[in-house]
Amino acid sequence: MRKSIVLVFLIAVAVFSCNRPESKRENLQKSITEFSKQHADLNIVTACYPKTYTEVKTDSIIANAFKVSIRNYSKMDAQILVGSETIATKTKLNYHRVFESEIHVALASKTIFNTTINAEGFKNSLEPDFWNNATLEHVWVNQEASNGQEIYISLSFINPKNKTYKLYELMIDRLGKQHLKLTEEYS
């Protein structure tokens with residue numbers, strides 16, 4: 001009797017060892033394969049505005065006194081996510097490139113003002129909804145307001161995500177002193 005119990009036990013061990021359960025690794029691979037079969041590959045498309053590098057240079061002489069050089073350009077390594085849309089397995093991401101502007105002002109061939117303007121330098125904690133997704137749009141000389149004593153430069157910032165903007169006026173006098181004021185905003 002005892003021999004038959006031992007024999008039954010040995011047969012049971014042999015049967016169970018032949019039909020071993022799957023390992024964790026095999027279970028994971030099987031799950032991944034099933035998931036891959038059920039879900040097609042996601043197709044991500046990105047669109048940037050503007051598509052390519054953009055640069056605008058302007059040189060102005062105001063009242064035969066001030067010489068102003070402005071270079072507006074897009075940064076190719078920085079952009080703002082404006083929105084995304086997913087249809088089936090295709091996701092489209094829309095970006096707006098970040099812009100900067102280099103401003104150089106000279107009086108009688110002597111530099112009185114030289115800087116690079118971008119939205120990062122204007123950020124403030126009072127309006128994070130605007131400034132977190134803002135970029136410089138354009139910088140230009142306001143020739144109508146400028147004269148032989150002071151020059152006025154307009155600075156336009158946009159937030160392409162919420163479609164808002166801010167317009168500033170930068171006044172620079174003959175000594176290079178500057179005064180900045182907000183002249184218009186849409187929010």
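## Fold and strand order

Two strands pair if DSSP finds at least two bridges between them. With that in hand, take the hairpin of strand 4 and strand 5: two residues lie between these strands, and Ala108 in the turn has a positive phi of about 55°. The model is predicted.

The protein chain holds three helices and nine strands. Read from the N terminus, the order of elements is α-α-β-β-β-β-β-α-β-β-β-β. Of the 187 residues in the protein chain, 32% are buried. Among contacts with a separation of 6 or more, 48% link residues 24 or more positions apart. The exposed surface of the protein chain comes to about 13,100 Å², and carbon and sulfur atoms supply 54% of it.

## Strand 4 and its partners

Strand 4 pairs with strand 1, strand 3 and strand 5. The pairing with strand 1 (residues 43-49) is parallel and covers seven bridges. Within it, Ala47 has Asn94 of strand 4 as its bridge partner.

The pairing of strand 3 with strand 4 is antiparallel, over 18 bridges. Ile80 stands opposite His96 in strand 4. Strand 3 and strand 4 also form a hairpin, with two residues between them. Ala88 sits in that turn and has a positive phi of about 55°.

On to strand 5. Seven bridges join strand 4 to strand 5, and the two run antiparallel. Val105 has Phe113 of strand 5 as its bridge partner. Their hairpin turn carries Ala108, again with a positive phi of about 55°.

## The nonpolar core

Which residues have the most contacts inside the largest nonpolar core? They are Phe66, Ile103, Val105, Ile153, Leu155 and Phe157, in a core of 27 residues. The elements that give two or more residues to this core are strand 3 (66-87), strand 4 (90-107), strand 5 (110-117), helix 3 (128-131), strand 6 (135-141), strand 7 and strand 8 (164-173). Val105 thus appears both in the core and in the bridge to Phe113.

Phe157 lies in strand 7, which spans residues 150-159. Why does Phe157 count as buried? Its relative accessible area is 0%, and buried means under 20%. The C-alpha atoms of Phe157 and Phe130 are 9.6 Å apart, with 27 residues separating the two along the chain.

## Aromatic residues

A search of the whole structure finds seven aromatic pairs. One of them joins Phe122 and Trp131: the ring centres are 6.1 Å apart and the planes meet at 25°, so the pair is stacked. Phe130 and Trp131 form another pair, this one edge-to-face, with 4.8 Å centre to centre and 90° between the planes.

Are these rings buried or exposed? Phe122 counts as buried at 18% relative accessibility. The cut-off for buried is under 20%. Phe130 is buried at 7%. Trp131 is buried at 1%. One aromatic cluster takes in Phe122, Phe130, Trp131, Phe157 and Tyr168. Phe157 therefore belongs to this cluster while being fully covered, with a relative accessible area of 0%.

## Ser154, a polar residue in strand 7

Ser154 is found in strand 7. It is buried, with a relative accessible area of 5%. Its side chain makes a polar contact of 2.9 Å with the side chain of Glu169.

What does Ser154 touch beyond its neighbours within four places in sequence? Its contacts are His138, Val139, Trp140, Asn142, Leu167, Tyr168 and Glu169. Tyr168 is also a member of the aromatic cluster.

## Asn118 in the loop

Asn118 has its place in the loop between strand 5 and helix 3. Its side chain makes a polar contact of 3.0 Å with the side chain of Glu100. A polar atom of the same side chain lies 3.0 Å from the backbone nitrogen of Gly121.

Setting aside residues up to four places away in sequence, Asn118 touches Phe99, Glu100 and Phe157. Phe157 thus ties several parts of this account together: it is in contact with the loop residue Asn118, it is listed among the core residues with the most contacts, and it is part of the aromatic cluster.

Terms used: Residues numbered from 1 in each chain as written. Predicted model: local features only at pLDDT ≥ 70, side-chain atom pairs only at ≥ 80, totals over all residues. Heavy atoms only, no water. Helix = DSSP H or I, 4+ residues; strand = E, 2+ residues; numbered from the N terminus. Buried < 20%, exposed > 50% of the residue type's maximum accessible area, 1.4 Å probe, protein only. Contact = heavy atoms within 4.5 Å. Areas by Shrake-Rupley, 256 points an atom, 1.4 Å probe, with all protein chains shown as cover. Core = buried A, V, L, I, M, F, W, Y, C linked by side-chain atoms within 4.5 Å. Polar contact = N/O pair within 3.5 Å; in protein donor to acceptor, adjacent residues only side chain to side chain. Phe/Tyr/Trp six-rings, centres within 6.5 Å; stacked < 30°, edge-to-face > 60°.
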